[in-house]
Amino acid sequence: MRVEAAELYTLKMPLRFRFETSFGVQTERKLLLLVLKGEGLEGLAEGVMTPFPLFREETLAGAKDLLENALLPAVLGKTFDTPEALGHAVAPFRGNRMAKAMVEMAFWDLFARSLGAPLYRLLGGVRRAVPVGVSLGIQASVEQTVELVGRHLKAGYRRIKLKIKPGWDLEVVRAVREAFPDAPLTVDANSAYRLFDYRVFQALDAFELEYIEQPLHYEDINDHAKLQARIRTPICLDESVVSKETARAALEADAARVINIKVARVGGHAEAKRIHDLAWAFGVPVWMGGMLETGVGRAHAIHAATLPNYTLPGDTSSASRYWEKDIVNEPLEAVGGLMPVPEGPGIGVTLDRAALARYTLDRLELRAGATRP
Ligand code: OSB
Ligand code: MG
């Protein structure tokens, strides 16, 4: 498959809810969307980097510059027999895995479409629908949180994740647990605590959470291991795991008894599968995370979550929760806590060009030959 041209869109889309986490508030998403072209086909991918580096270090402006001047020039005009071969072409550029993931994921989609196969089959997926939960942001009150949890349990979601931060933790979890004694519950701190806060997590042990996601600093595998030794509830790592290497460090140190994999955070499908396989070998279950994706990133994530060790419900909930109007034509809606895998070639979704135009801030076109070496 020859990569002939690329379109890089910058989009701004209003979210249907205010999403507050320990690192900030989101009311809209600004995102990069990549269309890779070859053999008359188009492959799609979405970036999860943010305007400011509040989750990990990558930024939208940095990724855009890299894509335009380094990553896309490294693949345009070249022929790759497999997505792994394309991965080698961008591998010399260090880090920046969210930016590299866009190129890799768009190529997987293009490649699968050229074979007329749904992506999950090429990845080795074993299910046609994936179990999903929801991630609920910090609310204005405990009462509102309890009400919101109730609504999402009623909608069939198979696990509720509550965002926590210092000062918004034990009280809200206690209230939700009292209202829903048997609900599968988790919390996500997005690195807001330090090891000296360990008593908060020992107290959380009483609420029978499925796991505690990313309690400590994103670079601190050591302290996560020390915290895990002091609590019963499994620790799940999200932003700490950016590669197979960081996953291995965490697994060997017993710093993660669960891993949240986000394909678009770790460099793409090939690396996500390596992490999935490694965790499996350690007996550690994984689940598919989310970053408030449009239908494009969501479809990629759903396909990847069909691999066998994705045994816990993921964050890829219904697209209609997030968007009044998505940028893909196909609805991605969970039924009874199960998200069907979009059938059809590639990721199984197609761009709604009118919706795309409505959200577009900026569009760049790159072709083979027309770019710098
Ligand atoms: O930590 O999992 C996270 C959203 C943006 C950035 C980080 C995270 C999240 C979520 C939302 O939890 C998951 C989703 O609904 O897509
Ligand atoms: Mg998280």
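**A walk from the loops to the ligand**

Asp254 lies in the loop between α9 and β10 (helices, H or I, of at least four residues and strands, E, of at least two are DSSP runs numbered from the N terminus). Its phi is near 55°, a positive value in a residue other than glycine. With a relative accessible area of 33%, Asp254 counts as partly exposed, because that term covers the range between buried (under 20%) and exposed (over 50%), using a 1.4 Å probe and protein chains only.

Before we go on: this is a predicted model, where local features need pLDDT of at least 70 and side-chain atom pairs pLDDT 80 or more, while totals for chains, interfaces and linings use all residues; side-chain values use heavy atoms, without hydrogens or water. Residues count from 1 along each chain as its sequence is written, with chains lettered from A and ligands numbered from 1 in written order.

Asn96 tells a similar story. It has a positive phi of about 45° although it is not a glycine, and you'll find it in the loop between α2 (83-90) and α3 (97-115). Its relative accessibility is 34%, so Asn96 is partly exposed.

Now follow the chain past β10 (258-261), where Arg265 sits in the loop leading to α10 (269-281). Arg265 is buried, because its relative accessibility is just 1%. Its side chain makes a polar contact with the side chain of Asp238 at 2.5 Å (N or O atoms within 3.5 Å; within protein, one able to donate a hydrogen and the other to accept it, and sequence-adjacent residues count only if both atoms are side-chain atoms). Setting aside neighbours within four places in sequence, Arg265 is also in contact (heavy atoms within 4.5 Å) with residues including Val48, Phe55, Arg97 and Met98.

Asp238 takes us to the ligand, since one of its polar side-chain atoms lies 3.1 Å from an oxygen atom of ligand 1. Lys161 brings a polar side-chain atom to 3.0 Å from a ligand 1 oxygen, while Leu292 uses a backbone N or O atom, at 2.8 Å. The protein covers 98% of the 390 Å² of accessible area (Shrake-Rupley, 1.4 Å probe) that ligand 1 has on its own. In total, 16 residues surround ligand 1 (a heavy atom within 4 Å), with Ser135, Asp188, Asn190, Leu292 and Tyr322 the closest.

Asn190 turns up again beside Ser22. Ser22 is in the loop between β1 (5-21) and β2 (24-38), and its side chain reaches the backbone oxygen of Ala189 at 2.7 Å and that of Asn190 at 3.4 Å. Its contacts beyond four places in sequence also include Ile138, Ile164 and Lys165. Ser22 is partly exposed, given its relative accessible area of 24%. Look back to Ala5, 17 residues away along the chain, and the C-alpha atoms are separated by 39 Å.

Last stop, helix α8 (residues 221-230). Its buried residues are Ile221, Asp223, His224, Ala225, Leu227 and Gln228. What covers them includes α7 (198-204), β9 (235-237) and α9 (244-252). At the N-terminal end of α8, Asp220 acts as a cap: a side-chain oxygen lies 3.4 Å from the backbone nitrogen of Asn222.
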